[in-house]
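Reader: I am new to this structure and would like to learn how to read it. Could we go through it one feature at a time?

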Amino acid sequence: MKIVVDFDLCESNAVCMQIAPDVFEVRDDDFLYLLNENPDESDRERMEECVQRCPKQAISIED
Amino acid sequence: MATQSIHIVGASLAGIRAAEALRRCEFDGRIVLIGDEPHRPYDRPPLSKQVLAGDWDADRIELTKPEKFDALDLDLQLGVRATGFDLATRTLSTSDGDDTIDAMVVATGARCRNLPGIEDMAGLHVLRTLDHAHALRADLDAGPSRVAVVGAGFIGAEVAATCRGRGLDVTMIDPMPTPLGRVLGEEIGSLMADVHVEHGVDLRTGVGVDRLEANDGHVARVVLSDGAVVEADVVVVGIGVIPNTEWLEGSGLTIDNGVVCDATMLAAPGVTAAGDVARWPNVRFDEVMRIEHWDNAIEQGVHAAERLLVDDANALPFEPVPWFWSDQYDRKLQMAGRIGSSDDIHLATGSFEERRFAQLHGRNGRLVGVLGLNRPRHVMQYKTMIQNGTSFEDAVAAEI
């Protein structure tokens, strides 16, 4: 599973960071950093939640 | 007997997320998704921003990609309006006829409040749906001499910001002393007022609308309660919404500024509600709420769907920390939890001067809210603390 963030869309609402702080981090510069581009398959449900809860629909999962 | 079929009335954010949750929970019965708009579920927040700005078209805002949508295997009924319900016989009436329901999620949302006593005329708009956005965009494309925005709430403020971004002259009118002051407090309201004025908005606060005047059926001016006249050929009214519950009058469900639910989102046996239309006691805050936020529609839609698949003994209360954002110009406003005028307040980071801060709200020794301007990371981290029941003292002391 590969996490892809469209950084043109991302506006750093940090919702993903609240759900999965080990994968997504918004730093003090207000930009989002992807800490783990390839989470384990067992983490799919949580990643789907990040996709769904992103207010900018900026996150997608490439299988 | 296990639930055989589920009707979801309302095909916007709460409705589609409810449908997806049912399939995720391996519900393999019939799901009927009924929506009164002709469109598949789409995302509303971009309507006042990218869609209105002309940057995005409708295909950019679909809530579920077509292949995933089709995989849900829904009985999709678009352009169909729910007109009545009878709990005793479990009869759902729609513009297409009657159906007997097994279980149902009510997610009919809300509609825009109109200015009282003002008749419809060309150039007068509200903004809630894709069709509204297209109609308003077409009028903006025509290059109006001035746009008058009535109501400086979130929709009004975002429309004003987008219109300024398009180079249009804008007057924004609100009877309150500051934009959003009722929600955010006067100090932050006045900061937001400055932001609008600096971006060239002609802001008229503390004044209401007396009447609109038209030329040949097209709006021409807004007459304010202090007698001032704003010449404008486009008027956008953003003065709040009304939950869509009329179709449930006499249904046997309790209606009181929304569909009244218990703490688990159950309105009656086998009937739940979600989104803007639902009212329920949020036990985390010991408060009965009806929340019009985007994120709530998702979370509540999921909860309301899952609630239909468990028995009463295993039902969990729905106790979210409400959260919303609003983008205006280059400012991102976010709030999580609940804030009130008598809260203890602590500025955790930044300052009002730099317009970048996170402000904590405490009540009875607990962290209950956080309000941030361009501080998304902080808002989310404090939101987690609210969820965890962190004391105000610990939140203030936390280094994040």
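Author: Start with a single residue: A:Asp30 is found in the loop between strand 2 (24-26) and strand 3 (32-34) of chain A. Keep in mind that this is a predicted model.

Reader: What sign does phi of A:Asp30 have?

Author: A:Asp30 is not a glycine, yet its phi is positive, at about 70°.

Reader: Does A:Asp30 count as buried, exposed or partly exposed, and why?

Author: A:Asp30 counts as partly exposed because it has 15 C-beta neighbours inside 10 Å. The reasoning rests on a cut-off: a residue is buried if 20 or more other C-beta atoms lie within 10 Å of its own, and exposed if 12 or fewer do.

Reader: Where does B:Met265 lie?

Author: B:Met265 sits in the loop between strand 18 (259-260) and strand 19 (266-268) of chain B. This residue, which is not glycine, also has a positive phi, near 80°. B:Met265 has 27 C-beta neighbours inside 10 Å, so it counts as buried.

Reader: Which residues touch the most other members of the largest nonpolar core?

Author: They are B:Ile8, B:Ala18, B:Val235 and B:Ala273, in a core of 127 residues. Take B:Ala273: leaving aside residues up to four places away in sequence, it touches B:Val106, B:Ala107, B:Val259, B:Cys261, B:Met265, B:Ala267, B:Ala278 and B:Ala304. B:Met265, the loop residue with a positive phi, is thus one of the contacts of B:Ala273.

Reader: How should I read the pairing of strands?

Author: Strands of a sheet pair through backbone hydrogen bonds, either parallel or antiparallel. In chain B, an open sheet of five strands is parallel and has the order 9-16-10-11-12. Strand 9 (124-125) and strand 12 (202-205) of chain B are at the edges with a single partner strand each, so each has one side without a neighbour in the sheet.

Reader: How many bridges pair strand 10 of chain B with strand 16 of chain B?

Author: Four bridges pair strand 10 (residues 147-150) with strand 16 (residues 234-237) of chain B, in the parallel sense. Within strand 16 of chain B, the residue opposite B:Val149 is B:Val236.

Reader: Which strands does helix 5 of chain B lie across?

Author: Helix 5 (residues 154-165) of chain B lies across strand 10, strand 11 (170-174) and strand 16, and runs at about 170° to strand 11 of chain B. The loop between helix 5 and strand 11 of chain B holds B:Leu168. B:Leu168 counts as partly exposed because it has 17 C-beta neighbours inside 10 Å. Not counting residues up to four places away in sequence, B:Leu168 touches B:Leu140, B:Pro144, B:Val147 and B:Cys163.

Reader: What does an antiparallel sheet look like here?

Author: Chain B has an open sheet of three strands with antiparallel pairing, in the order 13-14-15. Strand 13 (209-215) and strand 15 (229-231) of chain B are its edge strands, each with a single partner, so one side of each lacks a neighbour in the sheet. On average, neighbouring strands of this sheet are turned by 25° against each other, direction ignored. Strand 13 and strand 14 (residues 218-224) of chain B run antiparallel and are joined by six bridges. B:Asn215 has B:His218 in strand 14 of chain B as its bridge partner.

Reader: And what about side chains along a strand?

Author: In a regular strand the side chains alternate between the two faces of the sheet. Along strand 5 (residues 91-94) of chain B, B:Leu92 and B:Thr94 point to one face and are buried, whereas B:Thr91 and B:Ser93 point to the other and are not. The buried B:Thr94 stands opposite B:Gly97 in strand 6 of chain B, and B:Thr91 stands opposite B:Asp86.

Reader: What lies between strand 4 and strand 5 of chain B?

Author: Four residues lie between these two strands, which form a hairpin, and B:Arg90 in the turn has a positive phi of about 55°. Another hairpin joins strand 5 to strand 6 of chain B through two residues.

Reader: How can I check a helix by its length?

Author: Helix 8 (residues 294-307) of chain B has 14 residues, which at 1.5 Å a residue should span 20 Å; its end C-alpha atoms are 20 Å apart, so the two agree. Of these 14 residues, 13 are buried.

Reader: How many residues does each chain bring to the contact?

Author: Chain A brings 13 residues and chain B brings 14. On the side of chain A that touches chain B, helix 1 (15-19) and helix 2 (44-53) of chain A each supply at least two residues. The largest share of that side, three residues, is from helix 1 of chain A. By class, the side of chain A has five nonpolar, five polar and three charged residues.

Technical notes. Residues are numbered from 1 along each chain as its sequence is written. Chains are lettered from A and ligands numbered from 1 in the order in which they are written. Two strands pair if DSSP finds at least two bridges between them. Two residues are in contact if their C-beta atoms, placed from the backbone, lie within 7 Å. Axes are lines fitted to C-alpha atoms, for helices over the stretch in contact, and angles run from 0 to 180 degrees between N-to-C directions. A nonpolar core is a set of buried Ala, Val, Leu, Ile, Met, Phe, Trp, Tyr and Cys residues joined through C-beta atoms within 7 Å. Ala, Val, Leu, Ile, Met, Phe, Trp, Tyr, Cys and Pro count as nonpolar, Asp, Glu, Lys and Arg as charged, and the others, Gly among them, as polar. The expected span of a helix is 1.5 Å times one less than its number of residues.
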